[in-house]
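The following paragraphs go through a structure step by step, from sheets to helices to the contact between chains. Keep the sequence and the model at hand while reading.

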Amino acid sequence: MSLLEAKNLSYSVDGKPLVADASFALEPGSLTMLVGPNGAGKTTLLRLALGLLKPDTGSSSLDGMDLSNMSPPQRARKIAYLPQQRPLVWPQPVHDIIALGRFAYGAAPSRLSDDDSAAVSRAIAACNLEGFEERPADTLSGGELSRVHLARALAAESPLLVADEPVAALDPRHQHEALKIFASAATSGRALLTVIHDLSLAARYADRIIWMRDGRIVDDGTPVDTMTPEALRAVFGIEARVEKTADGGLALEIVGPT
Amino acid sequence: MRVIGSLATGLVIAVLLSLLLGSVPLPIDRVLAALAWQASDGDQLVVWQIRLPRALAAAVVGAALGMSGAALQGLLRNPLAEPGILGVSATAALFATFVLYFGLATAGPFVLPIAAVAGALLATLLVAAAALRNQSVVTLILIGVGLSSFSAALMALLMNLAPNPFSLADMVNWMLGTVANRSLDDLAFATPFMLVGIAILLATSRGLSALALGEETAEGLGLNLKTQRLGVIVGAGLSTGAAVALAGSIGFVGIVAPHLVRPFVRYDPARLLIPSAILGALLLVLADIGVRLLPTDNELKLGVVASLIGAPIFIWIASRRRLA
């Protein structure tokens, strides 16, 4: 049985469909990436699939249970969600922000069980944030802040992690480090779904890519099967060269817009 | 916890100090004897009927406003949110004045508190609905200013139409805010609303922590946003309304107290609530002592002093915000 199963999700605002008839399922142990041009409906699809937005039609289920019948904490213990917008208002210490990842387990920054503290420490270590624990959030660089949010999501240690553009603000080194964390989480049996704009990173790290355009899922499969010059032209409107590398991966070179 | 301890100690000392002040000079041993029911009838009357109600009124009003401010700031994710700034106090005062004006307050002791609470709830609901629809901080403050001005305009209208100088003086008292001449009965009718409000706010505290990361993340963390919003709105409405019923409109306590406490609780909106309430109480008790010590012909109103101190601090906080 799939961990998360989204069936025929549709959602429109003022008669304009943002997501139309989208279905997909996520299996444990795989890193799935959602790609598509700006405005394709990726974030809306994530929110629909997570039950944060009520679909016009269709449904989403987690472990076979309809998400709309689950309480927010029940859902949050299964899914950690890292949204695209991560506004902070208070200059809280890094440790306390990451500790909020344990919220669904009844924890608060001032009240962490031993399990919670251990999970927070593991997340801090995974995101290379040792030594930053007491730094106020407003003294961090954009990249450091992104890693703090990532650590917050990892601290939940949930079976499914859904992230909306988690590496957008990161430099190349930290992009690769973050995606390596994702890949190893997948190897250890978790399911991950992440929106990403950098297609080379998608080609390099994804087990599977879901392609979206104009609110619809237009393709779904491994990078090798789906990342073709034709797909890149049709979905993104770009000319690109795609070549298989010796180690079985893909080398992608974007030439320019069509 | 250390913050709470020191603030609470400060509050007890301030309340004792305020019992020493008044037109009849009473040394501390006679005040303590009166508190223990061991003094002359005259001393006991002064302490139990005049000074203690006044000090307690200042304390509970400060506590209710301090905690409401802290909770509203957590919900709206804005350090400038406060019952006074958002027009909640002004609307509550308007409703209270309204029942006074039409002589409805004589119908029963709970009429006035209920009217003030209704006004506060209405205003909190309006402002929160607008704030949550439109995420802009500036819009929120502007709506609050608009609501305050509108309530003030309606209040001015009532004053304009006031039938006699006595009702006019009554209304001025409401607008300026004071805890002078409060009785233990007044306290008894207002504090139940306050206690319920404070209890509701405390129940929302963990959710306020989650909201520090934004509404979308908080929802993802498993917070029920609707319940959370409703809790803070009802809790802050009840506490602020009851505070206004007891003391009229007193501004800025709800902004100054949380602001001063925040660095001592690691900026955690949950841990902010209780110390903000205690500091709010302490500030108002001290301000009320100040009001009585200042050698003016007419005793200054507590709300006037609170605004004189609070408004510049508000401007200072607004100009020094670090995170967007």
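Two strands pair if DSSP finds at least two bridges between them. Helices (H or I, at least four residues) and strands (E, at least two) are DSSP runs, numbered from the N terminus. The model is predicted: local features need pLDDT of at least 70, side-chain atom pairs count only at pLDDT 80 or more, and totals for chains, interfaces and linings use all residues. Residues are numbered from 1 along each chain as its sequence is written, while chains are lettered from A and ligands numbered from 1 in the order in which they are written.

In chain A, an open sheet of 6 strands follows the order β6-β7-β8-β3-β9-β10, and its pairing is mixed. β6 (79-82) and β10 (216-221) of chain A are the edge strands, each pairing on one side only. On average, neighbouring strands of this sheet are turned by 15° against each other, direction ignored; such angles run from 0 to 180 degrees between N-to-C directions, and axes are lines fitted to C-alpha atoms, for helices over the stretch in contact. Within the sheet, strands β7 (residues 160-164) and β8 (residues 191-195) of chain A run parallel and are joined by 5 bridges. Here L160(A) is placed opposite A191(A) of β8(A). Across β6 and β7 of chain A lies helix α5 (residues 142-155) of chain A, at about 170° to β6(A). Contact between two residues means that their C-beta atoms, placed from the backbone, lie within 7 Å.

Between β7 and α6 (172-187) of chain A there is a loop that holds E165(A). This residue is not a glycine, yet E165(A) has a positive phi of about 50°. E165(A) is partly exposed, with 19 C-beta neighbours inside 10 Å. A residue is buried if 20 or more other C-beta atoms lie within 10 Å of its own, exposed if 12 or fewer, and partly exposed in between, with C-beta atoms placed from the backbone.

Chain A also has an open sheet of 4 strands, in the order β2-β1-β4-β5, with antiparallel pairing. Its edge strands, β2 (16-26) and β5 (65-66) of chain A, each pair on one side only. β1 (residues 4-13) of chain A and β2(A) are antiparallel over 7 bridges, and L4(A) stands opposite L26(A) in β2(A). Strand β2 of chain A also contains D21(A), a residue other than glycine with a positive phi, near 50°. D21(A) has 14 other C-beta atoms within 10 Å and is therefore partly exposed. Helix α1 (residues 42-49) of chain A lies across β1, β2 and β4 (57-62) of chain A and runs at about 125° to β1(A).

Where do the two chains meet? Contacts link 25 residues of chain A with 22 residues of chain B. On the side of chain A that touches chain B, α2 (72-76) and α3 (94-99) of chain A each supply at least two residues. α2(A) gives the most to this side, with 4 residues.

In chain B, helix α1 (residues 2-20) has 19 residues and reaches 28 Å from its first C-alpha to its last, close to the 27 Å expected at 1.5 Å a residue; the expected span is 1.5 Å times one less than the number of residues. L7(B), L11(B), A14(B), S18(B) and L19(B) are the buried residues of α1(B). What covers them includes α2 (28-35), α3 (41-76) and α13 (269-293) of chain B.
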